[in-house]
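Shall we walk through this predicted model together? I will ask how each label is earned, and then we can check the values against the cut-offs.

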Amino acid sequence: MRPRIATVRLPNAWLPGADWADRYEVLVLGERMTATEAARRALESAPYWARSLLSFRNRLAPLVGLNATADTRHSDLLASLPLMHSDNRQMVFGYDDRHLLFRLVVDVGEGPADGQIVGVTTLVRRRSLMGWLYLAAAIPFHKVIIPSLLTAVERPCYTASRRR
């Protein structure tokens, strides 16, 4: 099943002041996984073109006063995102900078029959004009990258060695 856009309710407990949000979901049949496994499948399997875009973003971001990435020496990182919360149902990543607050929530829930719904919710609170401009520029890329990351979640034969 292809990832689909889903409804997001604001306010959200993970970022109560969020002023922008979206959510994508995919139905995974015949397999059970935790939020940790779903997040690893999604975030560690980014295709080359998505990694290239993020690398470009990370080089450009500091020039306009945004955080490029988290300190990769930190032990609670996945795909250069700081981990804020983790349990079997949800993993929450995020960071705050002077222009925007960002959260990425990966969650798993019951689906029909023997399936699970895996969702990725993005929450943003813009704090300045630069945050508004950055998000406006990032949204078209975001709407392509997140569904592409979710396609890796539904592959039952996923292994980290398949990443390129």
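Q: In which strand does Gln-116 lie?
A: Gln-116 lies in strand β7.

Q: Why is Gln-116 called buried?
A: Its relative accessible area is 3%, and buried means under 20%, so Gln-116 meets the cut-off.

Q: What makes the pairing of Met-33 and Gln-116 a polar contact?
A: A polar atom of the Gln-116 side chain lies 2.8 Å from the backbone nitrogen of Met-33. The limit for such a pair is within 3.5 Å, so the distance fits. Met-33 is also among the residues that Gln-116 touches, along with Val-26, Val-108 and Gly-109.

Q: Why is the pair of Glu-25 and Arg-4 called a salt bridge?
A: The N to O distance between their side chains is 2.9 Å. A salt bridge needs a Lys or Arg side-chain nitrogen within 4 Å of an Asp or Glu carboxyl oxygen, so this pair qualifies. Glu-25 sits in strand β2 and Arg-4 in strand β1, 21 residues apart.

Q: Are Glu-25 and Arg-4 buried or exposed, and how do you know?
A: Glu-25 has a relative accessible area of 12%, and the cut-off for buried is under 20%, so Glu-25 is buried. Arg-4, at 42%, falls between that cut-off and the one for exposed, over 50%, so Arg-4 is partly exposed.

Q: What makes Asp-19 and Arg-126 a salt bridge, and where are they?
A: Their side chains meet at 3.0 Å, N to O, and the limit is within 4 Å, so the label holds. The pair links the loop between β1 and β2, where Asp-19 is, to strand β7, where Arg-126 is, 107 residues apart. Asp-19 counts as partly exposed at 32%, while Arg-126 is buried at 14%.

Q: How do you know that Arg-41 and Glu-31 form a salt bridge?
A: The N to O distance is 2.2 Å, and the cut-off is within 4 Å, so they count as one. Arg-41 belongs to helix α1 and Glu-31 to the loop between β2 and α1; both residues are buried.

Q: Which residues touch the most other members of the largest nonpolar core?
A: They are Phe-93, Leu-104, Val-118 and Val-153, in a core of 31 residues. Helix α3 gives the most to this core, with seven residues.

Methods: Residues are numbered from 1 along each chain as its sequence is written. This is a predicted model: local features need pLDDT of at least 70, side-chain atom pairs count only at pLDDT 80 or more; totals for chains, interfaces and linings use all residues. Side-chain values use heavy atoms; hydrogens and water are left out. A nonpolar core is a set of buried Ala, Val, Leu, Ile, Met, Phe, Trp, Tyr and Cys residues joined through side-chain atoms within 4.5 Å. Buried means under 20% relative accessible area, exposed over 50%, partly exposed in between (1.4 Å probe, protein chains only). Helices (H or I, at least four residues) and strands (E, at least two) are DSSP runs, numbered from the N terminus. A polar contact is a pair of N or O atoms within 3.5 Å; within protein, one must be able to donate a hydrogen and the other to accept it, and residues adjacent in sequence count only if both atoms are side-chain atoms. Contact means heavy atoms within 4.5 Å. Lists of a residue's contacts leave out its neighbours within four places in sequence.
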